[in-house]
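Student: Could we go through this model and check the labels people put on it? I'd like to see each value set against its definition.

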Amino acid sequence: MIGNEKIVFSGVQPSGNLTIGNYLGAIRNFTGFAEEGYKTFYCVVDLHAITVRQVPADLRRRTYETLALYLACGLDEKKNTLFVQSQVPAHAELGWILDCYTMFGELSRMTQFKDKSAKHAENINAGLFTYPSLMAADILLYQTDVVPVGVDQKQHLELARDIANRFNQVYSDTFTVPEPYIPKTTMKIMSLADPAAKMSKSDENQNAVVYILDSKDDVIRKFRRAVTDSGSEVRASEDKPGVTNLISIYRAFTGKTVEEVEREFAGKGYGEFKTAVGEACADGLAPVREEFARLIADKAHLEEIMKAGAETASYYARKTMSKVRRKIGFVG
Ligand code: TRP
């Protein structure tokens with residue numbers, strides 16, 4: 001809380017091109033909060049991105065792109081604080097402090113750490129391990145009430161709550177304990193090539209992943225090639241993971257219910273259904289893509305937004321930091 005305003009915080013990494021999974025599972029859900037009267041902070045988390053090796057020019061370009069995507073997805077910089085994590089040094093500062101209130105055992109249990117260390121066996125660095133305490137710092141720095149995230153981040157959020165409670169218990173109330181916001185309609189979007197795996201921006205098979213900025217033709221082609229299941233009926237069920245994933249995506253772009261989708265495609269084959277999903281997705285993304293193209297062409301404008309966002313964020317971060325420093329026993 002700040003005064004009587006509830007706070008929302010979320011972050012997206014500037015690593016890899018963003019997929020429709022990032023869009024439907026996270027960014028699209030960010031836009032309603034400011035209208036509902038929340039004070040909102042949306043961050044491009046570049047400090048998190050360097051836990052895996054990045055090409056500097058790519059990291060810089062993607063930082064601009066992620067900010068442009070926030071804007072293109074409908075976040076107005078006048079109503080939301082949009083900023084880049086490394087431009088507000090308090091994130092790193094509180095991250096270190098919270099490392100000292102986070103247990104080795106807790107971090108060892110994080111499934112994302114286990115997955116990423118298996119995937120980057122040559123670079124299992126300390127930052128990859130302590131990633132969740134930096135994420136807790138992001139959230140706790142703004143006295144956040146609500147964190148909209150995809151289901152895959154739920155475990156990190158629970159740890160952030162544990163860290164906040166632990167700190168509050170040792171030093172008296174300091175941090176708001178945040179709640180996750182995982183809307184029911186936010187289904188996990190799966191790979192188009194392997195419906196057992198999450199759609200991932202780092203998938204080597206480019207046909208398995210639909211990017212927010214893919215052209216209309218690419219989107220439609222990828223859906224036409226999507227893996228379906230045996231049989232020919234368009235029906236959501238556990239034994240039809242491919243079709244079920246496509247139904248989820250179709251629903252997300254059209255707002256239809258499962259029953260409506262099943263009725264719409266009753267007696268029609270997979271081919272027709274896949275084309276319809278591709279078209280709904282391409283049409284849904286078109287305004288985002290156009291707005292993105294306009295925004296990314298003006299770097300100076302994006303830099304102004306980053307700068308203003310970092311100033312606003314720093315103001316609130318400083319308040320929390322002075323409280324934290326005093327409670328811990330730092331001088332000055
Ligand atoms: N870990 C998140 C992800 O990979 C990104 C993130 C970093 C984040 N800090 C955050 C999300 C704080 C919500 C709140 O998706």
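**Checking the labels**

Tutor: Sure, starting with burial: of the 332 residues of the protein, 50% count as buried. Buried is under 20% relative accessible area, exposed is over 50%, and partly exposed is in between (1.4 Å probe, protein chains only). This is a predicted model, where local features need pLDDT of at least 70 and side-chain atom pairs count only at pLDDT 80 or more, while totals for chains, interfaces and linings use all residues. Residues are numbered from 1 along each chain as its sequence is written, and side-chain values use heavy atoms, with hydrogens and water left out.

Student: Why is Q112 called buried?

Tutor: Q112 has 17% relative accessibility, which is under the 20% cut-off, so it counts as buried. Its place is in helix α7 (residues 111–119). Helices here are DSSP runs of H or I with at least four residues, strands are E runs of at least two, and both are numbered from the N terminus.

Student: Which residues does Q112 touch?

Tutor: Leaving out residues up to four places away in sequence, Q112 touches Y131, Q153 and H156. Contact means heavy atoms within 4.5 Å.

Student: And what makes E290 exposed?

Tutor: The relative accessible area of E290 is 56%, over the 50% limit, so E290 is exposed. You'll find E290 in helix α13 (residues 270–296). From C-alpha to C-alpha, E290 and N125 are 39 Å apart in space, with their positions 165 residues apart in sequence.

Student: How do you know that R61 and D58 form a salt bridge?

Tutor: Their side chains meet at 3.4 Å, N to O. The rule asks for a side-chain nitrogen of Lys or Arg within 4 Å of a carboxyl oxygen of Asp or Glu, so the pair qualifies. Side chains of opposite charge can pair when their charged atoms come close. R61 and D58 are three residues apart in helix α4 (residues 56–72), so about one helical turn separates them. Also, D58, R61 and E65 are linked in a network of salt bridges.

Student: Are R61 and D58 buried, exposed or partly exposed, and what makes them so?

Tutor: R61 is at 35% and D58 at 26%. Those values lie between the 20% and 50% limits, so R61 and D58 are partly exposed.

Student: What makes R221 and D218 a salt bridge?

Tutor: Their closest N and O atoms are 2.9 Å apart, so the 4 Å condition is met. R221 and D218 both lie in helix α10 (residues 216–224), three residues apart, about one turn of the helix. R221, at 31% relative accessibility, is partly exposed, and D218 is partly exposed at 27%.

Student: And why do R235 and E233 count?

Tutor: R235 and E233 meet at 3.6 Å, N to O, which is within the limit, so that is a salt bridge too. R235 is partly exposed at 30%, as is E233 at 46%. By this rule the count comes to 15 salt bridges.

Student: Last one: how do you know that the radius of gyration agrees with a compact globule?

Tutor: The globule rule, 2.2 Å times the number of residues to the power 0.38 with the radius taken over C-alpha atoms, gives near 20 Å for 332 residues; the protein has 21 Å, so the two agree. Along its principal axes, the C-alpha trace spans about 70 × 45 × 40 Å.
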